[in-house]
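Open the structure in your viewer and keep the selection tool at hand. The stops below say what to select next and what is there.

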Amino acid sequence: MKIKNIFEENKPTLSFEVFPPSRDGNIEELYRVISELAELKPDFFSVTYGAGGSTREKTVEIASKIRNDFGRETLAHLTCVQATGTDILQELGKLEKTGIENILALRGDPPKENKTFVKTEGGFEYASELVEFIKLNGDFSIGVAGYPEVHPEAPDMEHDIVNLKKKIDAGADFIITQMFFDNEDFYRFRDNTISAGIHVPIIPGIFPIFNYRQISRIVSLCGAKIPPKLHDKLSRVNDRSEEVEKYGIEHAIRQSEDLLKNGVSGLHFYSMNRSRHVMRITQELFKKII
Ligand code: FAD
């Protein structure tokens, strides 16, 4: 089923992001996690696409298994990194062959050794160009990324939203956001997108913190701010992993409840290929709201 049609049901969607493990040995563990998460009956799983190498091939494999063996809808991520139009056509062919109907179209981050993104010859500079290409060459429902705290390369939110609108005008059906920890950032972003004439569903991305060391990584990779109150709480228990996870779960539940009360189109959890904390959060939400 196309994700754009799932939104027509007009109830908040539930979805989980997973990523292909870097070593083949971990794939059975990932499928165990997916089978547990599938019991929560999410509307879809999304499967990330690596910067290069063997994990890329795993995206289609995992997405297709989720659909065919676990019976849940999937959203396969696809990026412009080191890809020509011909490469993308091949990927679209593979996705079509396995029955995958949904793509999250991304520019992608530059490989670790490069500081800035460099367009591959015969490829694409921005995600909007990828959206346009997919639209012309297949029958997919297309999602794109949005940034409540502004994409790190954009000069400000205004420019970033002008660029986001280019992706929607090119044919994207929905937006999934980068993680954020203060809902006010999301609401500001949502108001600005509406003012800019963007009217597709925007699904907030929630990252439940379960490890203190993740915090500096999160901040340096995507620039998300950790609210001072949450940061203080976590730093007081930094070496006691169970307590860090407990505070992370509590914060994610509070965030999710507030987002649902404020009419979001769905909740997308960055699972980090773990089931326990995401299951606790969603079960708590099912009890209280859903
Ligand atoms: P774009 O929309 O192309 O934007 C990139 C930058 O260019 C922004 O600053 C934007 O404002 C600017 N821009 C866009 N169009 C124009 C224009 N026409 N003129 C001037 N400036 C412009 N990365 C992966 O490698 N694999 C994944 O699986 C993956 N999954 C993700 C899932 C989600 C939900 C999110 C939020 C991010 C994900 N990423 C992934 C990271 C993403 O690839 C990076 O954030 C990347 O730096 C930008 O990708 P984009 O699609 O948002 O790019």
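Which backbone oxygen does the side chain of Thr74 reach? Select Thr74 to find out, keeping in mind that this is a predicted model. The side chain of Thr74 comes to 3.4 Å from the backbone oxygen of Ala63.

**Stop 1: around Thr74**

Stay on this residue and show its strand. Thr74 is part of strand 3. With a relative accessibility of 0%, Thr74 counts as buried. Now show what surrounds the residue. Setting aside residues up to four places away in sequence, Thr74 touches Phe44, Phe45, Ala63, Ile66, Arg67, Ile100 and Asn102.

**Stop 2: the ligand**

Next, select the ligand and display the residues around it. There are 24 of them, and the closest are Tyr49, Asp109, Tyr147, Asp160 and Lys167. Sorted by class, this shell has 10 nonpolar, 8 polar and 6 charged residues.

Colour the chain by helices and strands to see where the shell comes from. Strand 3 (73-79), strand 4 (102-106), helix 6 (157-169) and strand 6 (174-179) each supply at least two of its residues. Helix 6 gives the most, with 4 residues.

Then look at the oxygen atoms of the ligand. One ligand oxygen is 2.8 Å from a polar backbone atom of Arg107. On the side-chain side, a polar atom of Asp160 lies 2.7 Å from an oxygen atom of the ligand, and a polar side-chain atom of Asn163 lies 2.9 Å from a ligand oxygen. The ligand has 980 Å² of accessible area on its own, and the protein covers 85% of this.

**Stop 3: Glu91**

Move to helix 4, residues 85-97, and pick Glu91 within it. Is Glu91 buried or exposed? Glu91 counts as buried because its relative accessibility is 13%, under the cut-off of 20%. Apart from residues up to four places away in sequence, Glu91 touches Tyr49, Val60 and Leu78. Tyr49 was met at the previous stop, among the residues closest to the ligand.

**Stop 4: helix 5**

Select residues 127-137, which form helix 5. The buried residues in this helix include Ala127, Ser128, Leu130, Val131, Phe133 and Ile134. To see what covers them, show strand 3, helix 4, strand 4, strand 5 (141-146) and helix 6, which are among the covering elements.

**Stop 5: the loop with Pro20**

Go to the loop between strand 1 (13-18) and helix 2 (27-38), where Pro20 is placed. Pro20 counts as buried, at 9% relative accessibility. Draw a line from the C-alpha of Pro20 to that of Leu30: the two residues are 10 apart in sequence, and the distance in space is 8.1 Å. Beyond its neighbours within four places in sequence, Pro20 is in contact with Val47, Thr48, Thr55, Lys58, Thr59 and Ile62.

**Stop 6: two cysteines**

How many disulfides does the structure hold? The number is 0. Select Cys80 and Cys222 to see why: the sulfur of Cys80 has its closest cysteine sulfur in Cys222, 19 Å away, which is too far for a bond. A disulfide would need the two sulfur atoms within 2.5 Å. Cys80 counts as buried, at 0% relative accessibility. Cys222 is buried too, with a relative accessible area of 14%.

Key:
Residues numbered from 1 in each chain as written. Predicted model: local features only at pLDDT ≥ 70, side-chain atom pairs only at ≥ 80, totals over all residues. Heavy atoms only, no water. Near = heavy atom within 4 Å. Polar contact = N/O pair within 3.5 Å; in protein donor to acceptor, adjacent residues only side chain to side chain. Areas by Shrake-Rupley, 256 points an atom, 1.4 Å probe, with all protein chains shown as cover. Nonpolar A, V, L, I, M, F, W, Y, C, P; charged D, E, K, R; others polar. Buried < 20%, exposed > 50% of the residue type's maximum accessible area, 1.4 Å probe, protein only. Contact = heavy atoms within 4.5 Å.
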